[in-house]
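Colleague: I would like a close look at one part of this model, the largest pocket, and at the elements around it. Please take the lining apart by residue type and then work outwards.

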Amino acid sequence: MKALIQRVTHAELSVNGALVSSVKRGYLVFLGIQKGDTREQAEYLAAKTAKLRIFEDENGKINRSVLEVGGEALAVSQFTLLANASHGNRPDFLEAEVPALAEPLYDCYCESLRACGVPVKKGIFGADMKIELLNDGPFTILLEK
């Protein structure tokens, strides 16, 4: 399982031109579910996401979590994080979990992140989503479990 976390000042997610979710200061999280991933991994990554200290404190040090700054998260399922482009120029997604098994793990991640105290907005699983964001820093972290 992979969580690509971008620190953002804001992010908006639309489907078919309609706004579905938006967040202000916090995270845009792209979550990739791999074949064989478990609820335990989703829960671990959610806890790690909540505690990740990538916001500045009063001294300008990167020392605060999304919880400590009152931020929120927009979580988006992103099977393309499991792309394999090592052979040729067209990536395959053979390691990505099938939607019927991936969606419950995506929901588990979101619920676990919410249980840690982070307000969570979601995308629409499997939809063609358009996302606008302002990456703050830029600051992007890849967590894997």
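Modeller: A definition comes before the lining: Ala, Val, Leu, Ile, Met, Phe, Trp, Tyr, Cys and Pro count as nonpolar, Asp, Glu, Lys and Arg as charged, and the others, Gly among them, as polar. By that scheme the lining of the largest pocket holds 10 nonpolar residues, five polar ones and one charged one. The model is a predicted one.

The volume of the largest pocket comes to about 310 Å³. It is lined by 16 residues, and those closest to its centre are Ser77, Gln78, Phe79, Phe125 and Gly126. Four elements, β3, β6, α2 and β8, each supply at least two residues of this lining. Strand β6 covers residues 72-77.

One of these elements, α2, can be followed further. Helix α2 has 17 residues, which should span 24 Å at 1.5 Å a residue, and its end C-alpha atoms are indeed 24 Å apart. Its buried residues are Ala102, Leu105, Tyr106, Cys108, Tyr109, Cys110, Ser112 and Leu113. The cover over them includes β3, α1, β6 and β7, the last of these being residues 120-122. After α2 comes glycine 117, which has a positive phi near 105°.

Tyrosine 106 is a residue of helix α2. Its relative accessible area is 2%, and buried means under 20%, so tyrosine 106 counts as buried. Beyond its neighbours within four places in sequence, tyrosine 106 is in contact with Leu31, Ile33, Ala75, Val76, Ser77, Lys122, Gly123 and Phe125. Two of these contacts, Ser77 and Phe125, are also listed among the residues closest to the centre of the pocket. Phenylalanine 55 lies 51 residues from tyrosine 106 in sequence, and their C-alpha atoms are 25 Å apart.

Helix α1, part of the cover over α2, runs over residues 39-51. Its 13 residues reach 18 Å from first C-alpha to last, close to the 18 Å expected. Gln41, Ala42, Leu45, Ala46, Thr49 and Ala50 are its buried residues. Down the axis of α1 these fall within an arc of 165°, so they line one face of the helix. The face turned away from that buried side carries the exposed residues Glu40 and Lys51. Among the elements that cover the buried residues of α1 are β1 (2-15), β3 (26-32), β5 (62-65), α2 (99-115) and β8 (129-144).

Two of the strands that cover α1 can be looked at through single residues. In β5 sits serine 65, which is buried at a relative accessible area of 6%. Serine 65 touches Ala50, Lys51, Leu52, Arg53 and Phe55, leaving out residues up to four places away in sequence. Serine 65 and serine 14 are 51 residues apart along the chain, with 27 Å between their C-alpha atoms.

Strand β1 holds glutamine 6 and arginine 7. Glutamine 6 is buried, with a relative accessible area of 14%, and arginine 7 is buried too, at 7%. Not counting residues up to four places away in sequence, glutamine 6 touches Gly26, Tyr27, Leu28, Phe30, Leu133, Asn135, Phe139 and Thr140. On the same basis, the contacts of arginine 7 include Gly26, Tyr27, Ile54, Phe55, Glu56, Ile62 and Asp136.

Note on methods:
Residues are numbered from 1 along each chain as its sequence is written. This is a predicted model: local features need pLDDT of at least 70, side-chain atom pairs count only at pLDDT 80 or more; totals for chains, interfaces and linings use all residues. Side-chain values use heavy atoms; hydrogens and water are left out. The expected span of a helix is 1.5 Å times one less than its number of residues. Buried means under 20% relative accessible area, exposed over 50%, partly exposed in between (1.4 Å probe, protein chains only). The arc is that of the directions from the helix axis to the C-beta atoms. Contact means heavy atoms within 4.5 Å. On a 1 Å grid over the protein atoms alone, a cavity is a set of points where a 1.4 Å probe fits but cannot get out, and a pocket is an open set with protein on both sides within 12 Å along at least five of seven lines; lining residues have an atom within 4 Å of a point. Grid points are joined across faces, edges and corners, and a volume is the space filled by probe spheres set on the points.
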